[in-house]
Amino acid sequence: MTDQPHIRIFDTTMRDGEQSPGASMTMREKLDLAELLCEMGTDVIEAGFPAASAGDFDCVRQIAEQSQNDTIICGLARSTPNDIDRCAEAVKAAANPRIHTFIATSPLHMEHKLKMGENAVLEAIGRSVAQARNHVADVEWSAEDATRSDFDFLCKAVDVAIQAGATTINLPDTVGYAHPEEYGALFRRIIENVPDSDKVIWSTHCHNDLGLAVANSLAGVTNGARQVECAINGLGERAGNAALEEIVMALKVRRDTLQAMTRIDTTKLSRASKMVSQITGFPVQYNKAIVGKNAFAHESGIHQDGMLKNAQTYEIMNPEDVGVSATSLVMGKHSGRHAFRDKLAVLGYDLEDDALNDAFKRFKDLADRKKHVFDDDIMALVDDQLSNEGERIVFKRLRVVAGSEGPQTAEIDLEVDGNHKWTTARGNGPVDAVFNAIREIVPHEAVLELYQVSAVTQGTDAQAEVSVRLSENGIVATGRSFDPDTLCASAKAYLHALNKLEIRRQKRIAA
Ligand code: KIV
Ligand code: ZN
C-alpha cells in the first residue's frame, strides 16, 4: 500500500479521439476497445456523445451495459436539457454512470460561439449540473477553453458548478495553448480560491497543439489534479489529446518525484495502442514514446554495447512493462491446439471454441506459408478474424497478373449476401486492378482516401498490414487486413472498409 494519491485515468479515445477526421469507429470496435480499457484498469471511459447521433447513443448504451468491475462509464453532454437527458438515458445501465457536461467560459467562445453573456453562462452551468445530478450521483463539469478564460469569472463558474452538485471539475486546455508552468499555476490558484474545492476531484484535459499536452497534464497533477483525461496514441481533435500511455508510464517511472500512482495494468498498453491504430488506420509514429516501433530499439554500437552490459544504461523502463515481449518465435506448423490456446491466453485473448477453431486453422495456414510465426503475426491474425465476423461481402479468392509485361489484371471471387460472384478487371497497376474488380461486383460511389501498407514483422515473408479508408457522402470507414500476400491483404482491407461503410449507411438511413 502507498499513501501516494491515486490519479484517475479518464480515457476519451472513443469521444474526443473519435472526433479526429477519419477516426470513426464501429460499434463492435468500440465494444472491444471498451473491454480492453476495462481490463487495463481504466478508471473512467468516456464512451461517446449520446446526443450527437443515434449511433453514438447506441454505442454509449451498449458500453454501459457491458461494463464490468468498477469502471465509470461516462457520456458527454452540452448544457442543454435534451443533451443531458439523452446522456442520462445512455449511461444508466452502467454500474457506475457519469454525465460529463460542459460549456465554454472564455470571452472568445462566449461572445462568438455561444453568443451568451456571463450571467447566462452561469445560469446554464447551475441548471445543467443540477439536472444531471437529478439523474446520477457522479457529474463532471468542464469549463471549455478554461486556459483562455478570465480567472475571476472561471472561479465563479466553478463555484456555481460545485454548488449545483458537480463531483469532478475539469479545466481543459481546449486549444493546446497553455505551457506547463501556467497550467500548473491555474490549478494551484483555483484550488486555493474556490470555496469547497476540497469536495471535488480536479481534472486535466490537454490538447497537443504545441506538443505540450503530456507535460501540461503532469503539471496539473503536481498542482492538485487527481484525474487526467487522455487518449490512446494521443488521438483527439487536431493535434490530439495527451497520450494515455505516456501519462501512465511517466507516473510509473517517475513516481519518485511525481509522487502519484495510477491503477493501470501497463502491460496492456502496447496492445491498446495497436488496437487503436488498427481501428482508425492511423499509424503510430516509429519513434513515438512508449508504443512506437523504435521505442525500445537500439541501433548505435555504443548503445548496443551498453545494453548488453546492463539494460539500464539506455533503458529507463522494461519493454515487458508496456507489453512488448522480446520478439518471440512462436510455434511452427507442427504446434498443437493446446500450445496455440496457451499462446493466445498469454497475448490476452480468450476465444470461444468456434472462434478458437477458426483462428487455429488460420494459424496453420499461415505457418504453412510463412517460415517464422511471431506474436505480432498471431495478434494480427486474431484481430483480423474478429473484425471480419458476420460481414456481408466476403473475400474468397484472388489471382493477379502483375509485373512489367501487363496488362495488370485481377480475377476475384467474392461472396455477397451468400451468393458467389466473380469477375476480372484491369487497372493501372495490380492494386488498382483489384479495387476495380471489387467495384465491378459491388458498385459504389465511395472515394478511396487512404491506402497504406506496412509489414507486421520483419523479413520479406512478413505479413502485410493494409489499411484502406473510404468515404461516401460524409460517411467515412477504415478497413484493415493482414496477409502474407500484399494484394490479398489489400482486397480484404478494401472489403472491410466497404462492409463498414454499408453498416454506417444503413444506420444513417435508420436515424
Ligand atoms: O477540449 C475540450 O475542451 C473538450 C471538452 C468538451 C471537455 O473536449
Ligand atoms: Zn478536448
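Is Glu39 buried, partly exposed or exposed? These legends take that residue first and then turn to the cysteines; the model shown is predicted.

**View 1. Glu39 sits in helix H1.** Glu39 has a relative accessibility of 37%. Glu39 therefore counts as partly exposed, since that class lies between the cut-offs of 20% for buried and 50% for exposed.

**View 2. Glu39 belongs to a negative surface patch.** Its partners in the patch are Glu35, Asp350, Glu352, Asp353, Asp354, Asp358 and Glu389. Two elements each supply two or more residues to the patch: helix H1, spanning 27-40, and helix H14, spanning 353-369. Helix H14 is the biggest contributor, with three residues.

**View 3. Cys87 is a cysteine without a disulfide.** The disulfide count for this model is zero. For Cys87, the nearest cysteine sulfur belongs to Cys74 and is 6.7 Å away, while a disulfide would need the two sulfur atoms within 2.5 Å. If you look for Cys87 at the surface, you will not find it there: Cys87 counts as buried because its relative accessibility is 0%.

**View 4. Cys230 is buried.** The relative accessible area of Cys230 is 0%. Which cysteine has the sulfur closest to that of Cys230? Cys206 does, at 10.0 Å, and that distance is too far for a bond. Cys230 thus fits the overall count of zero disulfides.

Terms used:
Residues are numbered from 1 along each chain as its sequence is written. Chains are lettered from A and ligands numbered from 1 in the order in which they are written. This is a predicted model: local features need pLDDT of at least 70, side-chain atom pairs count only at pLDDT 80 or more; totals for chains, interfaces and linings use all residues. Side-chain values use heavy atoms; hydrogens and water are left out. Patches are made of residues with over 30% relative accessible area and no salt bridge: like charges are joined within 9 Å, nonpolar side chains (Val, Leu, Ile, Met, Phe, Trp, Tyr) within 5 Å. Accessible areas come from the Shrake-Rupley method with a 1.4 Å probe; for residues, only the protein chains shown count as cover. A salt bridge is a side-chain nitrogen of Lys or Arg within 4 Å of a carboxyl oxygen of Asp or Glu. Lys and Arg count as positive and Asp and Glu as negative; His and the chain ends are not counted. The place of a charge is taken as NZ of Lys, CZ of Arg, CG of Asp or CD of Glu. Helices (H or I, at least four residues) and strands (E, at least two) are DSSP runs, numbered from the N terminus. Buried means under 20% relative accessible area, exposed over 50%, partly exposed in between (1.4 Å probe, protein chains only).
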